[in-house]
Amino acid sequence: MDWVNAIVQGIFVGGLYALFATGLSLIFGVMRLVNIAHGDLIILAAFLSLAVVDGLNIHPLVSLVIVVPVMAAFGYALQRGILNFTLGKDILPPLLVTFGLSVIIQNALLETFSADSQRLQAGAIETASIPIGQGLAIGVLPLIIFVTAIVVIGGLQFVFYQTTLGRVFRATSDDAVTARTMGIDKSHVFALAMALALAVVAIAGVLMGIRTNFDPAVGPARLLFAFEAVIMGGLGNLWGTLAGGIILGVAQAIGAQINPGWQILAGHIAFLIVLVIRPNGLFPRIQG
Amino acid sequence: MTPLLETRALEAFYGDFQALFGIDFTVGEGETVAIIGSNGAGKSTFLKSITGVLSNKADAIRFKNEPIGSLAANHVVRRGIAMVPEGRRLFPSLSVEENLQMGAMSKRSGHWTLETVYRLFPVLKERRYSPGTALSGGQQQMVAIGRGLMANPDLLLCDEISLGLAPIIIKDIYAAIPSITSEGTTVAVVEQDINQALAVADRVYCFQEGRVSLEGTPDTLTREQISAAYFGL
């Protein structure tokens with residue numbers, strides 16, 4: 001039963017990893033930008049929530065009302081003011097600039113909040129659980145996170161395939177020059193994509209902050225999990241990203257079940273196995 | 001005839017390489033103009049300059065008597081110039097209908113809507129949910145033309161719309177041009193196929209090595225003149 005329990009918990013952790021990964025996948029899908037600062041932006045959102053919760057004395061989930069729009073606005077400004085200028089034929093400039101951004105965010109958080117480990121206090125939902133029989137129980141918080149991941153990915157899927165904005169994202173991603181001759185302002189479209197990605201990052205950061213401890217230095221590890229989930233799922237496929245997150249979560253849970261020290265290692269091994277068997281990921285986007 | 005688009009001493013560069021040398025060109029309202037010339041004559045570069053893909057001096061290009069040479073491509077289309085690009089360049093991730101809808105992003109109103117484009121090319125309605133790139137070459141060209149029309153342009157620039165298509169398909173595509181001009185859209189086509197260009201155009205420009213080597217109406221130009229201007233013989 002311990003094994004079943006480990007796998008069930010792994011699936012739920014996978015929801016959080018999918019949330020980490022979705023923003024990364026979206027940005028890469030629309031503008032071929034690999035955002036090295038993605039993990040640090042997740043941590044930034046968690047700290048922002050911490051400040052809002054402390055300042056206004058509200059529940060961390062309520063802080064999303066402020067954190068999501070602030071992160072989205074930051075994403076728009078970041079893309080418009082800096083990252084758009086790094087995009088071109090050479091893939092190195094965006095890597096270097098987002099790496100620099102990662103260092104800046106970590107150090108700014110260290111200066112402001114110190115290196116202490118923090119946590120967002122969410123009260124009873126942190127420990128509440130729903131028994132599902134035979135000694136198994138599902139935590140309410142992991143369930144909320146998992147359902148949120150499905151809702152977020154479903155929502156993004158809707159935006160991408162059913163709305164004008166999504167059509168513009170896809171067209172610009174296909175051929176920015178031709179899209180421009182149709183009246184599309186690429187800088188604005190990319191900035192909107194980054195705003196949307198950072199809105200998802202905000203949700204991921206707050207939920208992560210409720211679930212686990214965080215400090216200014218843990219961003220890069222979140223980036224790594226996000227990368228692994230995206231690559232395993234197949235680049236540019238959002239439901240694939242959810243599957244990638246679940247595989248990573250389950251692999252880590254199984255590793256931890258064998259030996260607590262193997263948790264992270266088992267995730268990396270699963271990633272390598274998928275990469276060897278299916279280099280394009282399990283569900284690569286079908287190209288027309 | 002009122003000039004709709006005029007270029008005066010238009011030059012274009014790719015880095016240090018000069019591709020156009022002082023092009024003087026006029027299209028009148030309601031006219032169909034053809035630009036002919038061999039590969040590398042500067043025809044596509046000329047269209048890219050007009051549509052703002054390549055930037056230029058503001059005054060080198062005037063549209064409806066306003067300077068547009070320095071406008072970016074996304075602003076040029078809002079003024080009323082749409083392009084059907086060489087090689088069609090449909091968006092592979094988009095369906096036929098979504099490709100057409102992209103043409104309407106400049107939000108200009110007029111005769112051309114999904115419905116009127118489907119009336120012009122009925123086959124596209126049948127295939128409207130297919131990926132644009134899953135269609136035959138001729139049908140893809142219809143999507144590209146329809147997408148240009150969806151901008152309700154005053155001037156439609158068509159770059160090599162017969163390239164790589166079977167003669168019977170080319171005939172079908174060119175048969176649509178009178179329906180387009182009758183709705184008040186002026187058309188300029190770039191063509192390598194001289195006969196096709198002469199058949200459709202009110203006036204012809206021949207480009208050679210980045211310069212206008214000949215200009216005239218199809219009935220006044222002789223085969224010898226055109227050959228000399230086209231091949232530089």
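**Chain B, its contact with chain A, and the nonpolar core**

Of the 233 residues that make up chain B, 47% count as buried in this model, which is predicted. The secondary structure of chain B amounts to 10 helices and 10 strands. With a radius of gyration of 17 Å, close to the 17 Å that the globule rule gives for 233 residues, chain B is therefore as compact as a globular protein of that length. The C-alpha trace of chain B spans about 45 × 35 × 35 Å along its principal axes. When contacts in chain B between residues at least 6 apart in sequence are considered, 66% of them join residues at least 24 apart.

Turning to the contact between the chains, 23 residues are taken from chain B and 18 residues from chain A. On the side of chain B that touches chain A, the elements that give two or more residues are helix H2 (73-79) and helix H3 (96-103) of chain B. The residues on this side of chain B comprise 13 that are nonpolar, 7 that are polar and 3 that are charged.

The largest nonpolar core has 158 residues, and those with the most contacts inside it are Ala45(A), Ala193(A) and Ala202(A). Helix H8 of chain A, which covers residues 186-211, gives the most to this core, with 20 residues. For Ala202(A), once its neighbours within four places in sequence are left aside, the residues in contact are Ala45(A), Leu64(A), Val67(A), Val68(A) and Met71(A). In soluble globular proteins, nonpolar side chains tend to be buried together.

Definitions and conventions:
Residues are numbered from 1 along each chain as its sequence is written. Chains are lettered from A and ligands numbered from 1 in the order in which they are written. This is a predicted model: local features need pLDDT of at least 70, side-chain atom pairs count only at pLDDT 80 or more; totals for chains, interfaces and linings use all residues. Two residues are in contact if their C-beta atoms, placed from the backbone, lie within 7 Å. Helices (H or I, at least four residues) and strands (E, at least two) are DSSP runs, numbered from the N terminus. Ala, Val, Leu, Ile, Met, Phe, Trp, Tyr, Cys and Pro count as nonpolar, Asp, Glu, Lys and Arg as charged, and the others, Gly among them, as polar. A nonpolar core is a set of buried Ala, Val, Leu, Ile, Met, Phe, Trp, Tyr and Cys residues joined through C-beta atoms within 7 Å. A residue is buried if 20 or more other C-beta atoms lie within 10 Å of its own, exposed if 12 or fewer, and partly exposed in between; C-beta atoms are placed from the backbone. The radius of gyration is taken over C-alpha atoms; the globule rule is 2.2 Å times the number of residues to the power 0.38.
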